Amino acid sequence: MKGVKPVLKKLSAWSSVCVIVTVIIIWEIASRLQWVPEFMLPSFTKVTQAFLSDFSLLQQHFQTTLYEALIGLFISTCLGVLLAFLMDYSTWIQHSLYPILVLSQTIPTISLAPLLVLWFGYGLMPKIILITLVCFFPMTMNVFTGLKSIDTDYLTLLTTMQATHWQKMKYVKIPFVLPAFFTGLKIATSYAVVGAVISEWLGGDSGLGVYMTRVRKSFAFDKMFAVILLTSIFSLLLVGIVTLIEKKVLHYQRKSGE
């Protein structure tokens, strides 16, 4: 069975590649045969050409988007983990804040954009706040769910051994919640880049969202799709990095626990 698992992983990876290639081929054929008007769906070839021709400009805008996404992701991760542990520690905090967290997700994020601009201007602050709001909920809920799914027998055992709250955190809660933490982090990471692009629609001097609004006004839809292609690739890379860190951390945790 140990030799079968790597083979299955390779097959699943190749199947994903095959699906992506198939979608690209259908996309190219649909555009070439005019099944969909070209101004609505440029061919993959033209999108790639636009990506390569504007690569230096896209790179400059991408640096701004990356900076905003990483800051927003860092803040949302810290706040999400902190709030999850506070809700786990206090039932009163849980009952007070849990409904507010759920309610916050019923508000369309894009509708907050004009208010954030009104309150904080066109600088970096409203963009960071919007990214944080987008990434905050999945981070909090995954960590909180992971904490609640811990077997209470472990905590009871430590209580009988007169362990302190911090000892329970160190030996039970943090090790057991790590898989849920990384799951939330992967979701938040995929949201961060998209949230950064959306936040840049508010206005500004640089960023992929600013670039998209400019090329949209000139009806250069191939360049808009080039931005979508870039954000998709980068989101996959970020999630891949988080997955790699997850494997390293959990593998080290299992080895140290043996």
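Helices here are DSSP runs of H or I with at least four residues, numbered from the N terminus, and in this predicted model one such run, helix α6, spans residues 124-148 and holds T132. With a relative accessible area of 11%, T132 is buried, because buried means under 20% relative accessible area. Leaving aside residues up to four places away in sequence, the contacts of T132 are G72, I75, S76 and L79.

A second buried position can be followed in helix α3, which covers residues 55-89 and includes M87. The relative accessible area of M87 is 0%, so this residue too counts as buried. Once residues up to four places away in sequence are set aside, M87 touches I93, Q94, L97, Y98, L101, T140 and F144; of these, T140 and F144 fall within the residue range of helix α6, 124-148. M87 can also be placed relative to L147, since the two are 60 residues apart in sequence, while their C-alpha atoms are 9.7 Å apart in space.

From these buried side chains the reader may turn to the aromatic rings, for which a search of the whole structure finds seven pairs. One of them joins W27 and F44, whose ring centres lie 5.4 Å apart and whose planes stand at 70°, so the pair is edge-to-face, given that planes over 60 degrees apart are counted in that way. Because W27 belongs to helix α1 (residues 4-32) and F44 to helix α2 (residues 44-53), this pair ties together parts that are 17 residues apart in sequence. F44 counts as partly exposed, at 22% relative accessibility. Another edge-to-face pair is made by F181 and F182, with ring centres 5.2 Å apart and planes at 75°, and here both residues are buried. W27 and F44 also take part, together with F225, in one aromatic cluster.

Helix α1, which contributes W27 to that pairing, also contains I29, and with I29 the description moves to the surface. The relative accessible area of I29 is 38%, so the residue is partly exposed, lying between the limits of 20% for buried and 50% for exposed. I29 is one of the residues that make a nonpolar surface patch of about 570 Å², the others being V17, V21, I25, L33 and W35.

Note on methods:
Residues are numbered from 1 along each chain as its sequence is written. This is a predicted model: local features need pLDDT of at least 70, side-chain atom pairs count only at pLDDT 80 or more; totals for chains, interfaces and linings use all residues. Side-chain values use heavy atoms; hydrogens and water are left out. Helices (H or I, at least four residues) and strands (E, at least two) are DSSP runs, numbered from the N terminus. Buried means under 20% relative accessible area, exposed over 50%, partly exposed in between (1.4 Å probe, protein chains only). Contact means heavy atoms within 4.5 Å. Rings of Phe, Tyr and Trp (its six-membered ring) pair if their centres lie within 6.5 Å; planes under 30 degrees apart count as stacked, over 60 as edge-to-face and the rest as tilted. Patches are made of residues with over 30% relative accessible area and no salt bridge: like charges are joined within 9 Å, nonpolar side chains (Val, Leu, Ile, Met, Phe, Trp, Tyr) within 5 Å. Accessible areas come from the Shrake-Rupley method with a 1.4 Å probe; for residues, only the protein chains shown count as cover. A salt bridge is a side-chain nitrogen of Lys or Arg within 4 Å of a carboxyl oxygen of Asp or Glu.
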